[in-house]
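Trainee: I am new to this structure and would like to go through it step by step. Could you show it to me before I start asking?

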Amino acid sequence: MKEAAADLGHLLVFAFLFCVGAFMVAPVITDVTMAALCPGQDQCSLAIYLTGLQQAITGLGALVVTPVIGNLSDRYGRKALLALPATLSIVPLAIMAFNQTRPYFYAFYVAKTLTAMVSEGAMMCLSLAYVADKVPEGRRAAAFGVFSGVCTAGFVGGTIAARFLSVSSTFQVATLASVAAAVYLRAFVQETDRGASLLRDEEASRLLFPPSSSPEEASPRLPPLRKVPSLSEMATLLTSSSTFTRAAVVTFFHGLGETGLQTALLYFLKAQFHYTKNQYANLLLIIGITGSFSQLTVMPLLAPRLGEQKLLVVALTGSCVHGFLYSIAWSFWVPYLAASCVILSILVGPCIRSIVSKKVGPSEQGMVQGCITGISSTASVISPLVFTPLTAWFLSETAPFNFKGFSLACAGFATLVALTMSINMRPAEVQPDTR
């Protein structure tokens with residue numbers, strides 16, 4: 001147990017450094033994009049469309065790549081595959097660290113689009129599979145929450161740094177943080193046994209305490225998949241049980257709403273309230289600090305008592321309020337209030353990940369986490385195709401009516417569909433942790 005805790009500690013340090021580098025540029029990227037494409041303007045349809053196109057291409061690539069990488073990690077190791085996103089994430093940051101003029105912005109745009117297909121979804125997928133290898137089922141929901149909380153803490157650290165750095169220095173420091181993450185992964189993170197030790201512990205426990213044959217016994221796990229999965233095999237996996245099917249639908253509509261919110265929010269704030277880099281940083285700090293606190297304290301506290309399904313309903317309710325409140329923001333301080341809803345909405349991901357994790361054996365964690373990431377990536381492909389033109393239209397002078405937050409309201413309705421599906425999920429399908 002001490003060895004497992006030490007291994008998880010090293011993974012958390014790596015995740016923190018990775019997220020510091022990845023998210024440090026978030027407060028400045030909108031201003032950099034606007035300055036490169038539409039200097040001196042507060043509204044820029046080209047910037048909105050390019051951002052949406054990047055999200056769609058990235059999501060499409062992640063949809064194909066992430067499940068394959070997750071399945072390969074079941075065979076060749078989590079650490080070996082984690083080195084790929086850790087290394088690729090350095091490239092676009094290094095380009096912008098050198099210069100932020102228009103040619104370099106386009107080079108960054110292309111590099112970011114290509115590398116994000118692998119780095120963004122695969123890092124979370126492989127890390128959660130690593131955690132599942134090390135943590136028994138009874139404590140897995142809390143462990144997923146802690147891991148997500150550390151990632152959010154990295155987001156906070158990067159945002160704080162961006163708040164006090166110049167634009168060029170922000171990209172330089174972000175590059176150094178990403179390099180440090182890759183070096184730390186190589187030097188300190190140990191490879192897992194893909195859950196073999198947990199499997200041995202389970203078998204020993206069954207010998208000492210034979211399982212009950214009562215109706216409440218947990219549903220059987222799925223048969224293992226031993227090769228790189230095809231799309232038909234992933235579809236079969238996701239339809240093999242009602243829990244997987246509902247989790248997939250909830251993931252899709254929640255991802256549709258969240259990506260739509262990300263697509264529209266920063267440009268909406270720029271057009272509606274003339275937000276600058278520092279105001280973006282303040283907003284992201286509220287989101288990051290609140291989310292980190294929630295995942296590190298609220299999730300471990302409530303998950304064993306409520307169970308993941310009930311906590312998922314609460315989290316999706318917060319996510320709906322989050323989107324709708326942004327859409328009707330009437331003053332510059334209202335987005336800060338809306339950001340506080342992250343204390344609930346940020347728990348959606350860990351709840352779903354924990355639910356599906358308990359449905360498969362230790363050697364299939366990479367595959368199932370990759371499938372959930374793939375579903376989320378599908379939403380990331382579709383969402384920009386819908387919300388990018390919608391945002392550009394309602395922020396322009398040709399909008400059919402004066403409601404600049406209309407696309408944000410539509411994102412809130414997409415999350416409302418996910419909430420409805422989570423309510424209809426039968427509680428018996430997901431048992432609360434009792435161990």
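Trainee: At what angle do helix α7 and helix α16 pack?

Mentor: Please keep in mind from the start that this is a predicted model. Helix α7 covers residues 140–164 and helix α16 covers residues 348–357, and their axes lie 9 Å apart. When the directions of the two axes are compared, the packing angle comes to about 140°.

Trainee: Which residues make that contact, and what is the handedness of the crossing, left-handed or right-handed?

Mentor: On the side of α7 the contact is made by R140, A141, F144, G145 and S148, while α16 contributes P350, R353, S354 and S357. As for the handedness with which α7 passes α16, the crossing is right-handed.

Trainee: How many helices and how many strands does the chain have, and what share of its residues is buried?

Mentor: The secondary structure of the chain consists of 18 helices and zero strands. A residue is called buried when its relative accessible area is under 20%. Of the 435 residues in the chain, the share that counts as buried is 55%.

Trainee: Among contacts between residues at least 6 apart in sequence, what share joins residues at least 24 apart?

Mentor: The helix S178 belongs to, α8, spans residues 167–188, and S178 offers an example of contacts beyond the sequence neighbourhood, since it touches G21, A86, S89, I90 and L93 when residues up to four places away are not counted. S178 is buried because its relative accessible area is 2%. For the chain, among contacts between residues at least 6 apart, the share joining residues at least 24 apart is 84%.

Trainee: How many salt bridges does a search of the whole structure find, and which residue meets K270 in one of them?

Mentor: A search of the whole structure finds three salt bridges. In one of them the side chain of K270 is paired, at 3.1 Å from N to O, with the side chain of D31.

Trainee: How far apart in sequence are the parts tied together by K270 and D31, and is each of the two residues buried or partly exposed?

Mentor: K270 has a relative accessible area of 9%, so it is buried, whereas D31 has 22%, so it is partly exposed. Because K270 lies in helix α11 (residues 242–273) and D31 in helix α2 (residues 26–37), the parts that the pair ties together are separated in sequence by 239 residues.

Trainee: Which residues are joined into one network by salt bridges that share partners?

Mentor: The side chains of R78 and D74 meet in a salt bridge at 2.6 Å, N to O, and R78 also meets D133 in a salt bridge at 2.7 Å, N to O. The pair of D133 in helix α6 (residues 102–134) and R78 in helix α4 (residues 78–88) links distant parts of the chain, 55 residues apart. Through these shared partners, the residues of the network are D74, R78 and D133.

Trainee: Are the members of that network buried or exposed?

Mentor: R78 has a relative accessible area of 0% and is therefore buried, and D74 is buried as well. D133 is at 1% relative accessibility, so it too counts as buried.

Trainee: Turning to the surface, which residues make the nonpolar patch, and what is its area?

Mentor: The patch is made by I328, W330, F332, W333 and L337. I328 lies in the loop between α13 (308–327) and α14 (334–339), and F332 lies in the loop between α13 and α14. With a relative accessible area of 46%, I328 is partly exposed, and F332, at 48% relative accessibility, counts as partly exposed too. The area of the patch is about 560 Å².

Trainee: Which residues does F332 contact beyond its neighbours within four places in sequence, and how far in space is it from H274?

Mentor: Once those neighbours are left aside, F332 is in contact with F273 and Y275. Although F332 and H274 are 58 residues apart in sequence, their C-alpha to C-alpha distance in space is 9.0 Å.

Trainee: What is the phi of H274, and why is its sign worth a remark?

Mentor: H274 lies in the loop between α11 and α12 (277–306), and with a relative accessible area of 48% it is partly exposed. Most residues other than glycine have a negative phi, so a positive value is worth a remark. In H274, a residue other than glycine, phi is positive, near 55°.

Note on methods. Residues are numbered from 1 along each chain as its sequence is written. This is a predicted model: local features need pLDDT of at least 70, side-chain atom pairs count only at pLDDT 80 or more; totals for chains, interfaces and linings use all residues. Side-chain values use heavy atoms; hydrogens and water are left out. Patches are made of residues with over 30% relative accessible area and no salt bridge: like charges are joined within 9 Å, nonpolar side chains (Val, Leu, Ile, Met, Phe, Trp, Tyr) within 5 Å. Accessible areas come from the Shrake-Rupley method with a 1.4 Å probe; for residues, only the protein chains shown count as cover. A salt bridge is a side-chain nitrogen of Lys or Arg within 4 Å of a carboxyl oxygen of Asp or Glu. Helices (H or I, at least four residues) and strands (E, at least two) are DSSP runs, numbered from the N terminus. Buried means under 20% relative accessible area, exposed over 50%, partly exposed in between (1.4 Å probe, protein chains only). Axes are lines fitted to C-alpha atoms, for helices over the stretch in contact, and angles run from 0 to 180 degrees between N-to-C directions. A crossing is left-handed if the near helix is turned anticlockwise from the far one by less than a right angle, and right-handed if clockwise. Contact means heavy atoms within 4.5 Å.
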